[in-house]
Amino acid sequence: MNKLLSFVVACLLVTGVQAQRLPTSERYNANDSFEQLGTTLPTPNTYRTASGAPGREYWQMRADYDIKAELDDQNQRITGTETITFFNNSPDELRYLWLQLDQNIFDKSSISGVTGTGGIGPNGATPRQLQSLSSNGSHGNKANSEYGYNITAVRDKAGKPLPYTINNTMMRIDLPTPLKPGANVVFGVDWNYYVTDYYGRSGYEFFEKDGNYNYFIAHWFPRMAPYDDVNGWQNKQFLGQGEFALIFGNYKVAITVPNDHIVAATGECQNYAQVLTPTQRQRLKQAETSKVPVVIVTQQEAEQAEKGKPTGKKTWVYKADNVRDFAFASSRKFIWDAMQTDVYGNGRKIWSMSYYPKEGNPLWGQYSTRAVEHTLKSYGNRTFEYPYPVAISCHAVPGGGMEYPMISFNGGRPEPDGTYTEQVKYGMIGVIIHEVGHNFFPMIVNSDERQWTWMDEGLNTFCQYLAEKEWDFNYPTRRGEPIQIVDYMSSDKSVLSPIMTSSDNVIGLGPNAYAKPATALNILRETVMGRELFDYAFKEYANRWRFKSPTPADFFRTMEDASGVDLDWFWKGWFYGVQPVDQALVNVEWYNLNTQNPEIEKALAREEAARRAQTMSKIRDAQNKDKTVVAQDSTMRDFYNSYDPYKVTPADRQKYEEYLATLTPEERELVQNNQNFYTLTLKNQGGVVMPVIVRMEFEDGTDSVARFPAEIWRFNDQQILKVISTKKKVVQWTLDPFNEIADIETSNNSFPPVQKPTRFQLYKQQQRRTPNPMQQEQQSGGAGRLGSGSSNK
Ligand SMILES: [Zn+2]
């Protein structure tokens, strides 16, 4: 015991000494960067292979839903009843089922509601901020206690009540007999809840001017939580930031709404004949063969409907197969346009559609549906063809967007006068591409959003970046370029979390889970792997996990497995760490070979001697050069006054010929080429190892770029020497000349250092003195003396 203790103390002491020399944050072992991830990744098994593919015994659960729901426009309330058929495809027996009750996040006592943190600053707070700091915030016009689910029945197939327990946003249903592997269970849930004000993922938007509501309804029915080989039941509570973990199934949904509403939903409508007018059906028919969007409900008709009142109800029936969720939108304000096109040129037609209030025009009519179709095409080319029959973009509130299978709710709204900024235009097209793009990740490549935000947001933002550039060469992309992540990567480490962080704990969700992984993938594609290897591997990942549920390891492994590129160092640096990239070119030493050629060497020696002879006293004495004894008296001269030691003699030439004769042809070429050799001292100051890309600008004005894979750091990931040989003389060296590795500090990338001025503004003299009340009174004509009552202006 004692011995062990003293050993521990000794270790602590040693560590302490080292720590003093090198701060912990900067200490990392040379060579460590290229060690494999090994046990950091889960052990492969028969469900998930070491290659990153689904294993031979891969399984996943399935749930089919039959839902009937009614939207109460008077009270903004949804009432529903559902029958769920849950298929146990696992090898395990289940004694209970877990369902997600995500609407319960709006309940006053929800975990999300009571765990918000932050203080009241010295500048005060608005009543709304105060409310959200001290409780759940306001999500609409109801008291918080009225939000969340009212579960009115949980029953078995025969209608008999099933015991259940609600734990915040989760509900456990206890089964009377365990559900055997391969068996299924049918049960029902009835519920109702008040719709909240749109909060970013779902809710209503109220239009004060015309008194109407647009509804964007999502996570609205109790849904099965996944049970899988990774988590067992994924019953992590809904805290708001981590999105949804879901399983696939077939849906039949009947939605009853006021009869002047237009409904948009996941899946295909089964009864247009009952819910649309003959004119609308006629236009839809026309849209089946149109290459441009056809307006099904015109703006004029929508504006007319805004002023009217419903005379009854209508039920819209939808069917959607093999989806992980179901969402819908409903309003009398909706304009609707659509086109059914052969997106992939394979004869299969897909509907691209948009629903928006007049407040979205002119932007929405011009761009939305075209952006939907473009997204299917662009994403399809780098993953797989979009398998669903329809893709919809709805215009929800001004900013942001939210995705569900086949349908998305997107921002981007012009000013009331119809004008809009460039930012609103590109923001709107970008958000539509992003949210429609989510159909691929995570709606089809069904990653666990509750656990890993980056797996869908990162991959999707990367594809969005590429799709935007395919929309317009000059598209002002916001995320994806390495240079755009530099600010985030330069931030204080206390506010950085690794990409591999659970969704709900991520600090800075936008840069961390969207921009950083998207940038990392772009760097992989352009700089580390090359487009061909990357695109093949990325497509392989998408196809392996299409309609299945991958984990991060499945992605990391597949990218290596399909490309033959060792990427463990990259995943460690970019996904498991928070360190930035900062390479520095601290020194360059220039060497060239002594050729032994007297023509070259003697000329160089002459130059050097001349240089050394140029002293200040010589320069000053030059004017008296003719007054020296030797200059004035020629008898004082001899052989050495005219002897040129640098003149090439036949003996010199003879000696050189003899030397050349001793060399092999290769050695002779090297000697005769007069090659330049440069030793570069490179430092990895940021911590993340990356390829080294260096531009050489030559004396003659031309340039050339040398590229070295990241493995250049494998024997020392802090500092290396690298020799580069060139025929031409290099006058300027620059690291990362095309901004491709997200180097956070470029002032140390040049050798010799290049000076860039810091621009400053010339201010006129500013008076920042403490106000002098007496002077102010005098300047205002002494009004103050008359008393405060007379100072009305
Ligand atoms: Zn997203």
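This passage walks through the overall make-up, the zinc site, the nonpolar core and the aromatic contacts of the structure above.

The model is a predicted one. Its chain runs to 793 residues, and 49% of them count as buried. On the secondary-structure side, there are 20 helices and 30 strands. Long-range contacts carry a lot of the count: taking contacts with a separation of 6 or more, 75% are between residues 24 or more positions apart.

Next comes the metal. The zinc ion is held by NE2 of His434, NE2 of His438 and two OE atoms of Glu457, at 1.9 to 2.6 Å. Read along the chain, these donors follow the spacing H-x3-H-x18-E. Two of the residues come from distant parts of the chain, with histidine 438 in the loop between α8 (422-437) and α9 and glutamate 457 in helix α9, 19 residues apart. As for the geometry, the 4 donor atoms subtend angles of 56 to 154° around the zinc ion, so the arrangement is irregular. Tetrahedral would have needed all angles to lie between 85 and 135 degrees. Both histidine 438 and glutamate 457 are buried.

Helix α9 turns up again in the nonpolar interior. In soluble globular proteins, nonpolar side chains tend to be buried together. Here the largest nonpolar core has 194 residues, and Phe86, Trp220 and Phe570 touch the most other members. Helix α9 (residues 453-471) supplies the largest share of this core, 8 residues. Leaving aside residues up to four places away in sequence, phenylalanine 570 touches Ala520, Ile523, Leu524, Val528, Phe575 and Met690.

Phe570 also belongs to an aromatic cluster. Ring pairs tie it together with Phe34, Trp454, Tyr541, Phe555, Phe556, Trp569, Trp571, Trp574, Phe575 and Tyr576. Across the whole structure, the search turns up 59 aromatic pairs. Charges sit over rings too: the charged end of arginine 62 lies over the ring of phenylalanine 87, 4.4 Å from its centre, and that of arginine 546 lies over the ring of phenylalanine 384, 5.3 Å from its centre.

One lysine deserves a look of its own. Lysine 516 is part of helix α11 (residues 509-528). With a relative accessible area of 1%, lysine 516 falls under the 20% limit and therefore counts as buried. Its contacts, again not counting residues up to four places away in sequence, are Ile485, Tyr488, Met489, Ile499, Pro511, Trp574, Gly577 and Val578. Of these, Trp574 is also a member of the aromatic cluster. Methionine 489 is 27 residues from lysine 516 in sequence, with a C-alpha to C-alpha distance of 8.7 Å.

Technical notes:
Residues are numbered from 1 along each chain as its sequence is written. This is a predicted model: local features need pLDDT of at least 70, side-chain atom pairs count only at pLDDT 80 or more; totals for chains, interfaces and linings use all residues. Side-chain values use heavy atoms; hydrogens and water are left out. Rings of Phe, Tyr and Trp (its six-membered ring) pair if their centres lie within 6.5 Å; planes under 30 degrees apart count as stacked, over 60 as edge-to-face and the rest as tilted. A charge sits over a ring if NZ of Lys or CZ of Arg is within 6 Å of the ring centre and within 35 degrees of the ring normal. A nonpolar core is a set of buried Ala, Val, Leu, Ile, Met, Phe, Trp, Tyr and Cys residues joined through side-chain atoms within 4.5 Å. Buried means under 20% relative accessible area, exposed over 50%, partly exposed in between (1.4 Å probe, protein chains only). Helices (H or I, at least four residues) and strands (E, at least two) are DSSP runs, numbered from the N terminus. Contact means heavy atoms within 4.5 Å. Donors are N, O and S atoms within 2.8 Å of the metal (3.2 Å for Na, K and Ca); water is not among the atoms, so sites may look incomplete. Four donors count as tetrahedral if all angles lie between 85 and 135 degrees; four count as square planar and six as octahedral if opposite donors are over 155 degrees apart and all others between 65 and 115; anything else is irregular.
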